[in-house]
Amino acid sequence: MDWLLSVPATYRWVITLAFVGIIVGLSVAPGVSRPDDTLFSWFVLNASTPLQKSMHVVVYALLAGLWMWTLDAVESRFVRAALTLVLCTALGGVLEWHQTRVPGRFGTLADVLLNIAGAAIGLLAALLFL
């Protein structure tokens with residue numbers, strides 16, 4: 001795992017922010033089919049509810065791990081963990097709120113809680129392995 005910490009900080013930021021961009025893009029996409037949908041969009045729109053809910057946990061666990069990795073320059077593990085949890089929770093909350101305004105999408109408190117649970121899992125994994 002030492003090789004992960006040898007990645008330059010600039011690359012870490014680019015990778016993490018690109019992942020945030022992917023999350024935002026998927027979260028703000030309309031939940032209704034369109035003629036120009038890609039295969040990936042079709043899959044996301046037609047995924048079963050249990051799969052969609054589990055993806056909240058997986059995606060936010062990865063996001064928390066990426067933030068812990070990116071914020072490695074913050075010496076205090078407690079501060080780094082707190083920042084990670086705040087960033088993940090804020091992103092998940094804002095995107096769920098925004099989904100209440102997107103056609104065919106529904107922002108729910110349950111999804112926010114799944115995002116937080118995923119972030120907590122990713123945070124714990126990062127604390128153990130980074």
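## Close-up views of a predicted six-helix chain

**View 1. Alanine 61 and its contacts distant in sequence.** Setting aside neighbours within four places in sequence, alanine 61 is in contact with Gly118, Ala119, Ile121 and Gly122. The model shown is predicted. Alanine 61 belongs to helix H4. Its relative accessible area is 19%. Alanine 61 therefore counts as buried, the cut-off being under 20%. One of its partners, isoleucine 121, sits 60 residues away from alanine 61 in sequence. In space, the two C-alpha atoms are 5.7 Å apart.

**View 2. Helix H4 against helix H5.** Two packed helices are described by the angle between their axes and the distance between the axes. Here, H4 spans residues 49-70, and H5 spans residues 77-99. The two axes come within 9 Å. They cross at roughly 140°. H4 is therefore oblique to H5, because only angles over 145 degrees count as roughly antiparallel. The crossing of H4 past H5 is right-handed.

**View 3. Residues at the H4–H5 contact.** From H4, the contact draws on His56, Tyr60, Leu63, Ala64, Trp67 and Met68. H5 contributes Arg80, Ala81, Thr84, Leu87, Cys88, Leu91, Gly92, Leu95 and Glu96. Sorted by class, the contact holds ten nonpolar residues, three polar and two charged. The charged residues are Arg80 and Glu96, both on H5. The polar ones are His56 of H4, with Thr84 and Gly92 of H5.

**View 4. Arginine 80, a buried charged residue.** Arginine 80 is found in helix H5. Its relative accessibility is 6%. Arginine 80 therefore counts as buried, well within the meaning of under 20%. The arginine 80 side chain reaches the backbone oxygen of leucine 71 at 3.5 Å. Neighbours within four places in sequence aside, arginine 80 is in contact with Met68, Leu71, Asp72, Val74 and Glu75. Of these, Met68 is also listed for H4 in the contact with H5.

**View 5. The whole chain, for orientation.** The chain has six helices and zero strands. From the N terminus on, its elements run α-α-α-α-α-α. The chain has 130 residues, and 30% of them count as buried. Alanine 61 and arginine 80 are both buried. Contacts in the chain between residues at least 6 apart in sequence were also counted. Of these, 70% join residues at least 24 apart. The pair in the first view, alanine 61 and isoleucine 121, is 60 residues apart.

Key
Residues are numbered from 1 along each chain as its sequence is written. This is a predicted model: local features need pLDDT of at least 70, side-chain atom pairs count only at pLDDT 80 or more; totals for chains, interfaces and linings use all residues. Side-chain values use heavy atoms; hydrogens and water are left out. Helices (H or I, at least four residues) and strands (E, at least two) are DSSP runs, numbered from the N terminus. Buried means under 20% relative accessible area, exposed over 50%, partly exposed in between (1.4 Å probe, protein chains only). A polar contact is a pair of N or O atoms within 3.5 Å; within protein, one must be able to donate a hydrogen and the other to accept it, and residues adjacent in sequence count only if both atoms are side-chain atoms. Contact means heavy atoms within 4.5 Å. Axes are lines fitted to C-alpha atoms, for helices over the stretch in contact, and angles run from 0 to 180 degrees between N-to-C directions. Angles under 35 degrees count as roughly parallel, over 145 as roughly antiparallel, 65 to 115 as roughly perpendicular and the rest as oblique. A crossing is left-handed if the near helix is turned anticlockwise from the far one by less than a right angle, and right-handed if clockwise.
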